Amino acid sequence: MQAEGGCLCGAVRYSFDSEAVVTAAHCHCTDCQKCTGSGKATIIFVPTPALHIDGSLKTYTVVGTAGSHVTRGFCPDCGSPVLSYVEEDSTLRFVKAGSLDDPSWVTVTTSFWGDSAHAWSPVDAATHSFAGNPDM
């Protein structure tokens with residue numbers, strides 16, 4: 001199945017084969033909370049070569065707790081978050097599940113940074129949760 005999505009205004013569009021998806025997860029880190037304006041980001045791990053993007057993303061990079069550089073890509077026109085990635089690992093992109101045209105097929109299996117989850121947006125008890133980043 002070809003998954004498609006994009007930003008709110010349509011200036012950025014993307015597609016990937018959903019068969020290529022590695023996993024999907026909730027991230028409750030404080031950076032994801034800030035960039036989504038919510039209690040977590042729901043992200044889909046897509047191999048970089050499988051992801052095709054039309055349009056240009058503006059990016060913002062921070063240094064994560066492990067010292068890696070986390071880059072977030074968003075539409076320069078409407079500001080919609082579209083994806084993120086760790087610069088030191090070029091193999092994966094983390095597509096924001098909410099930016100999919102049809103996210104009904106997404107199954108979240110894991111939560112990261114459960115220790116940062118808020119009571120009003122708790123970790124889903126049905127998923128495996130890591131206190132912080134998982135050991136890779």
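**Figure 1. Ser-15 is a buried residue in a predicted model.** Ser-15 has a relative accessible area of 14%. The cut-off for a buried residue is under 20%, so Ser-15 counts as buried. Ser-15 belongs to strand β2, which covers residues 13-17. Its side chain makes a polar contact with the side chain of Gln-2, at 3.3 Å. What else does Ser-15 touch, not counting residues up to four places away in sequence? Besides Gln-2, the list holds Ala-3, Glu-4, Ala-50, Leu-51 and His-52.

**Figure 2. Leu-51 has contacts with several residues, Ser-15 among them.** Neighbours within four places in sequence are left aside here. Leu-51 is in contact with Tyr-14, Ser-15 and Phe-16. Val-46, Leu-83, Arg-93 and Val-95 are also in contact with Leu-51. Leu-51 is itself among the residues with the most contacts inside the largest nonpolar core.

**Figure 3. The largest nonpolar core has 18 residues.** Which residues have the most contacts inside this core? They are Tyr-14, Phe-16, Ile-44, Val-46, Leu-51, Val-95 and Leu-100. Three elements give two or more residues to the core: β2, β4 and β8 (81-86). Strand β8 gives the most, with three residues. A second core, separate from this one, has 10 residues. Cys-32, Ala-41, Phe-45 and Leu-92 are included in the second core. In soluble globular proteins, nonpolar side chains tend to be buried together.

**Figure 4. Eight strands form an open sheet.** Follow the strands across the sheet in this order: β6-β7-β8-β9-β4-β3-β10-β11. The pairing is mixed. Why is one side of β6 and of β11 left without a neighbour in the sheet? β6 (58-63) and β11 (128-129) stand at the edges, and each has a single partner strand, so one side of each has no neighbour there. In a regular strand the side chains alternate between the two faces of the sheet.

**Figure 5. Strand β3 pairs with β10 and with β4.** β3 covers residues 23-27, and β10 covers residues 110-112. In which sense do β3 and β10 pair, parallel or antiparallel? They pair in the parallel sense, over three bridges. Ala-25 has Thr-110 as its bridge partner in β10. Cys-27 stands opposite Phe-112 in β10. β3 also pairs with β4 (residues 41-47), in the antiparallel sense and over five bridges. There, His-26 has Thr-42 of β4 as its bridge partner. Four of the five residues of β3 are buried, so the strand is largely enclosed by the rest of the structure.

**Figure 6. The protein chain has one helix and 11 strands.** Read along the sequence, the pattern is β-β-β-α-β-β-β-β-β-β-β-β. The radius of gyration is 14 Å, close to the 14 Å that the globule rule gives for 136 residues, so the chain is as compact as a globular protein of that length. The C-alpha trace spans about 35 × 30 × 30 Å along its principal axes. Buried residues make up 40% of the 136 residues. Now take the contacts between residues at least 6 apart in sequence: 51% of them join residues at least 24 apart. The accessible surface of the protein chain comes to about 7,300 Å². Carbon and sulfur atoms account for 53% of that surface.

Key
Residues are numbered from 1 along each chain as its sequence is written. This is a predicted model: local features need pLDDT of at least 70, side-chain atom pairs count only at pLDDT 80 or more; totals for chains, interfaces and linings use all residues. Side-chain values use heavy atoms; hydrogens and water are left out. Two strands pair if DSSP finds at least two bridges between them. Buried means under 20% relative accessible area, exposed over 50%, partly exposed in between (1.4 Å probe, protein chains only). A polar contact is a pair of N or O atoms within 3.5 Å; within protein, one must be able to donate a hydrogen and the other to accept it, and residues adjacent in sequence count only if both atoms are side-chain atoms. Contact means heavy atoms within 4.5 Å. A nonpolar core is a set of buried Ala, Val, Leu, Ile, Met, Phe, Trp, Tyr and Cys residues joined through side-chain atoms within 4.5 Å. The radius of gyration is taken over C-alpha atoms; the globule rule is 2.2 Å times the number of residues to the power 0.38. Accessible areas come from the Shrake-Rupley method with a 1.4 Å probe; for residues, only the protein chains shown count as cover.
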